[in-house]
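Got your viewer open? Here's a short tour, one selection at a time.

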Amino acid sequence: MVESNIKLRKPVTEDGVALFDLVKRCSPLDQNSAYCNLLQCSHFAETGIAAELDGELVGFVSGYRVPAQPDVLFVWQVAVDAKARGRGLSKNMVLELLKRSSLSGIQYIETTITPDNEASWGLFRSLAKALSAPFESSIHFDEAEHFHGRHKTEHLVKIGPF
C-alpha cells in the first residue's frame with residue numbers, strides 16, 4: 001500500500017526535467033532525452049502517472065496505447081527513486097493508472113524487460129497476480145538481431161486479458 005504522504009497524479013509538462021533526473025537515478029533504466037520526457041509528460045500524460053513526495057517527483061510510469069491494439073497499454077518505463085522504494089509504489093502506480101476512465105477499454109498490459117532486471121520481472125508478475133490475469137513472456141527484440149550486440153535482449157511480457 002502506498003503511504004498517504006505520496007501523491008499520485010497525472011503528469012504535467014513541468015515534470016519533464018524532473019522525470020529526466022529521476023530516470024537518471026534509476027539504473028538500469030535507459031535514459032531518454034529531456035525532450036522525450038517532456039513529451040511523456042504532455043502528449044502521453046493520459047497514459048502516465050507521477051508520484052511525488054514532499055513536492056519532489058519520486059516515481060513515474062510512462063506508457064501508451066498501442067496504436068493497432070487500443071485495448072493494450074504498453075508500459076514504457078517504471079521509475080522509483082531509492083527513497084520511495086519498498087512501499088509498493090510501482091505496482092500501485094500501474095493499478096491507479098488503470099482506474100482512469102480514459103483507459104477503461106484496456107484489457108492487456110505489455111512491456112519489455114531484459115533478462116537480468118529482476119525488479120521488473122517481480123513487478124509484472126505481481127501485477128498479473130493482482131489482476132488475476134495470465135502472464136506470458138517471449139523474446140521481442142533480440143540482442144544480436146535487433147540491437148547488433150549493443151543492448152540486451154528484451155522480452156515482451158503480456159498480462160491479460162483482465
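Keep in mind that this is a predicted model. Start by selecting helix 4 and colouring its buried residues: Ser120, Trp121, Leu123, Phe124, Leu127 and Ala128. Now look down the axis: those residues take up an arc of only 165 degrees, so they sit on the same side of helix 4. That fits the general pattern that an α-helix has 3.6 residues a turn, so residues three or four places apart point the same way.

Spin round to the other side of helix 4 and you'll meet Glu118, Ala119 and Lys129, which are exposed. To see what covers the buried residues, switch on strand 4, helix 3, strand 5, strand 6 (135–141) and strand 7, which are among the covering elements. If you like checking geometry, measure end to end: at 1.5 Å a residue, the 13 residues of helix 4 should span 18 Å, and the end C-alpha atoms are indeed 18 Å apart.

**Into the core**

Next, select Val61, Leu89, Met93, Phe124 and Ile159. These have the most contacts inside the largest nonpolar core, which has 28 residues. Elements giving two or more residues to this core include strand 3 (56–66), helix 3 (89–98), helix 4 (118–130) and strand 7 (154–159). Apart from this core lies another one, of nine residues, with Leu19, Cys41, Ala50 and Ala79 among them.

Which residues does Ile159 touch, leaving out those up to four places away in sequence? Show its surroundings and you'll find Gln107, Tyr108, Ile109, Phe124, Leu127, Ala128, Leu131, Ala133, Pro134 and Phe135.

**Helix 1 and the loop after it**

Move to helix 1 (residues 16–25) and pick out Gly16, Leu19, Phe20, Leu22 and Val23, its buried residues. Viewed down the axis, they fall within an arc of 165 degrees, so they line one face of helix 1. Turned away from that buried side are the exposed residues Val17 and Lys24. The cover over the buried residues of helix 1 includes helix 2 (34–42), strand 3 and strand 4.

Now follow the chain into the loop between helix 1 and helix 2, where Pro28 is found. The peptide bond joining Ser27 and Pro28 is cis, with omega about 15 degrees.

Asn32 lies in that loop between helix 1 and helix 2 too. Is Asn32 buried or exposed? At 16% relative accessibility, Asn32 counts as buried. Beyond its neighbours within four places in sequence, Asn32 is in contact with Phe20, Asn37, Gln40, Trp76 and Gln77. Zoom in on the side chains of Asn32 and Gln77, which a polar contact of 3.2 Å joins.

**Backbone oddities**

In general, most residues other than glycine have a negative phi, and most peptide bonds are trans. Select Ser132, in the loop between helix 4 and strand 6: Ser132 is not a glycine, yet has a positive phi of about 50 degrees. Ser132 is exposed, with a relative accessible area of 68%.

Then go to His148, in the loop between strand 6 and strand 7. His148 also has a positive phi of about 50 degrees without being a glycine, and is exposed at a relative accessible area of 60%.

Last stop: Pro161, in the segment after strand 7. A cis peptide bond joins Gly160 and Pro161, with omega about 5 degrees. Before you close the session, select residues 6–162, which an unreviewed UniProt entry lists as "domain: N-acetyltransferase". This span is 27% helix and 32% strand, and the end C-alpha atoms of residues 6–162 lie 27 Å apart.

Conventions:
Residues numbered from 1 in each chain as written. Predicted model: local features only at pLDDT ≥ 70, side-chain atom pairs only at ≥ 80, totals over all residues. Heavy atoms only, no water. Core = buried A, V, L, I, M, F, W, Y, C linked by side-chain atoms within 4.5 Å. Buried < 20%, exposed > 50% of the residue type's maximum accessible area, 1.4 Å probe, protein only. Helix = DSSP H or I, 4+ residues; strand = E, 2+ residues; numbered from the N terminus. Contact = heavy atoms within 4.5 Å. Arc of directions from axis to C-beta. UniProt positions renumbered as here; feature names shortened; annotations may be inferred. Polar contact = N/O pair within 3.5 Å; in protein donor to acceptor, adjacent residues only side chain to side chain. Expected span 1.5 Å × (residues − 1).
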